[in-house]
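This report describes charged side chains, helix packing and selected backbone features of one protein chain. The sequence and the coordinates are shown first, and the discussion follows.

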Amino acid sequence: MNWKFKIRKPQQGTTLTWELYFPPGTSTWVGDKVKENLDQIPLPNQPEANVRTFSEKIKIENTNAHQITYLLFNGYFIRDLRLVIARTNDWDKSAEKREEEWDRILTEAVSIAKPLFSNPDTKFYEIKENLHISFFEDEITVSLSVLGEPGYKRGIKATFPTSAPVPEDLAHILIEECFQIFSIPREKVNSVYIPFAGTMTFATEWKLGEEKIPFLSLPREFIWKKLTLFPEKSYEHFLKKRNTLLPNNTHVTPMVIQDTDPALTPYWTQEFSNWRKWIHVESIDHTISDFLKTFPVFSEGNENTTHYFIPLNPPYGYRKNEMTGPEEKLYAKIGNRLNVLSKDLQKKFSIIGFILCPNEDKWSDCMKELKNFSKKTIHVTHGGIDLRVLFFHLEGKSERSSN
C-alpha cells in the first residue's frame, strides 16, 4: 500500500490533525465552542490551533493531545472526534470497486493505528470498527474515532428504539444556545419545566450542564483513554482546576410532565433508577394535555433567580404527522399556553425556552401566538426531519426594571 501520509507513534505534545463531527445544522455554534475551549486550555505554552468549520465537520489542525483532552473534557456538543492517521491516492476509483477498496484500505490501516493503543493485545476488530474513511477528489483520508461510540451515547440511559428522542448532544447544544442567544446566564434560572418528557433527554442534559460533570468522566468507555496519547496528568489537572472553579449555586431540579405513551412505561420502570444515580429529577405523572390546561407550580426562588426555562419537544407522532381530533393545532395551543403563562408570571419573572417544530406550518402556528416574545429560529436535522427550532424569550417586570 502506498501511503501519501501515515502517522508514526506520536508523543503527547506532537501537533496532529483531527476531524470533529456534530449534529447537522449546528456548525456555527459548535465551531465557536471549539475555538473557545482551545483558547481557554489551562496549560501554558500550547500551540495555536487552526480550526476550520465546514457544513459537515470541523478540521482541527496543529493541535496536541493535551488540547484535545481539554476539548473532550467539555465535549457534550461533540458527536465524534477522529484523529487523522493516514492518507492515500492509491486506490481503484471505479464505482463498482469502491466498497471493496475502502474495506481493503481500512484493513491495511489497522497496522498503522495499532501502535497508538496502550494495550498491544488490542483486537484487530476493535481497531478496525473505529476507523473511518472520508475522501476529497481522489484522496482518501483514514481516521480513528477517539470516542468509540457516538458522543450522544452518554452511558446514563439506554437507547429507546421505538421512539425518536432528540440526541443528547443536540439537546445540550439547544439548551446552551438558547441562553447564549438572549444573553442570559443559566444561573438566573429559577425553575426548569419540561412538558412532553419521554426519555428525559432535556432533563438529564440540563443537570449535566448544571453540575458541570466532565464528559470524559461519564460511565462509558472512551477509546481516547486507551491510547498512548491520552495525557493522564493533564486530565487530572483539569479535574482539579474544575473543582476549584465550581460555583456554589443552588441547583434547579427540573419539573417534568411525563409522556403518557404506554410504550414508555417499561423504559421508565427500568431506566429511571439507573440514570437517577447520576441525575436527580422529580417527575410529575400527568397527561400530555395537562400542559395546555394547568398552571405549573413554580417556586418563588430569590432575587437572583428570575427566569423560567421551558424546553418543548411535542411527541414524535404529533411532530411527524398532521393530527386530527382534540390535539389538532397543537402548536398554536402551545403558543397560546406560553402567552397565558407569561401573563401570569411577568409581574416577577420571565420565560425563556424553545420548541421543536417539524414543518413551516406548525412553526408559523406557534410564531403567531408569540407576538410579544423575542424570537430566533434555526434549522437542524433529526431523524430525517428538518426541524425548525424556535427560541423564545419574554422579559418579566423584574428583568426590565434591572436593565
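Glu149 has a relative accessibility of 44% and therefore counts as partly exposed. Its salt-bridge partner is Lys153, with 3.9 Å between the closest N and O atoms. Lys153 is likewise assigned as partly exposed, because its relative accessibility is 32%. As the model is a predicted one, every value in this report is computed from predicted coordinates.

**Salt bridges**

A search of the whole structure returns 20 salt bridges. Three of the pairs are set out below, each with the distance between nitrogen and oxygen.

| Positive residue | Negative residue | N to O distance |
|---|---|---|
| Lys153 | Glu149 | 3.9 Å |
| Lys157 | Glu168 | 3.4 Å |
| Lys226 | Glu126 | 3.0 Å |

The side chains of Lys157 and Glu168 meet at 3.4 Å, N to O. Lys157 belongs to the loop between β7 (139–145) and α5, while Glu168 belongs to helix α5, so this salt bridge ties together parts that are 11 residues apart in sequence. Are these two residues buried or exposed? Lys157 counts as buried because its relative accessibility is 14%, and Glu168 also counts as buried because its value is 11%. Elsewhere, Lys4, Arg87 and Glu139 are joined into one network by salt bridges that share partners.

The salt bridge of Glu126 with Lys226 brings the closest N and O atoms to 3.0 Å. This pair links distant parts of the chain: Glu126 is in helix α4 (residues 124–128), Lys226 is in the loop between α6 (201–211) and α7, and the two are 100 residues apart. Glu126 has a relative accessible area of 19% and is therefore buried, the cut-off being under 20%. Lys226, with a relative accessibility of 28%, counts as partly exposed.

**A buried glutamate without a salt bridge**

Glu177 is located in helix α5 (residues 168–181). Which side chain of opposite charge is nearest to Glu177, and how far away is it? The side chain in question is that of Lys376, at 4.9 Å. A salt bridge requires a side-chain nitrogen within 4 Å of a carboxyl oxygen, so Glu177 has none although it is buried. Apart from neighbours within four places in sequence, the residues in contact with Glu177 are Trp29, Ile378 and Phe391.

**Helix packing**

Two packed helices are described by the angle between their axes and the distance between the axes. Helix α2 takes part in both of the packings described here.

Helix α1 (residues 27–39) packs against α2 with the axes 9 Å apart and at an angle of about 125°. That angle makes α1 oblique to α2, and their crossing is right-handed. On the α1 side the residues involved are Val34, Asn37 and Leu38, which meet Gln67, Tyr70 and Leu71 of α2.

The axes of helix α2 (residues 65–73) and helix α7 (residues 232–245) come within 10 Å and cross at roughly 45°. Therefore, α2 and α7 are oblique to each other. Helix α2 passes α7 in a right-handed crossing. The contact is formed by His66, Thr69, Tyr70 and Phe73 on α2, together with Ser234, Tyr235, Phe238, Leu239 and Arg242 on α7. Tyr70 of α2 thus takes part in the packing with α1 as well as in the contact with α7.

**Positive phi values**

Ser183, a residue other than glycine, has a positive phi near 55°. Ser183 is placed in the loop between α5 and β8 (189–197). Its relative accessible area is 65%, and Ser183 is therefore exposed.

Lys212 is not a glycine either, yet its phi is positive at about 55°. Lys212 is situated in the loop between α6 and α7. With a relative accessible area of 41%, Lys212 is classed as partly exposed.

**The chain as a whole**

The protein chain contains 13 helices and 14 strands. Of its 403 residues, 52% are buried. Among contacts with a separation of 6 or more, 80% are between residues 24 or more positions apart.

Notes:
Residues numbered from 1 in each chain as written. Predicted model: local features only at pLDDT ≥ 70, side-chain atom pairs only at ≥ 80, totals over all residues. Heavy atoms only, no water. Helix = DSSP H or I, 4+ residues; strand = E, 2+ residues; numbered from the N terminus. Buried < 20%, exposed > 50% of the residue type's maximum accessible area, 1.4 Å probe, protein only. Lys, Arg positive; Asp, Glu negative; His and termini not counted. Contact = heavy atoms within 4.5 Å. Axes fitted to C-alpha atoms, helices over the stretch in contact; angles between N-to-C directions. Parallel < 35°, antiparallel > 145°, perpendicular 65-115°, else oblique. Left-handed = near helix turned anticlockwise from the far one by under 90°.
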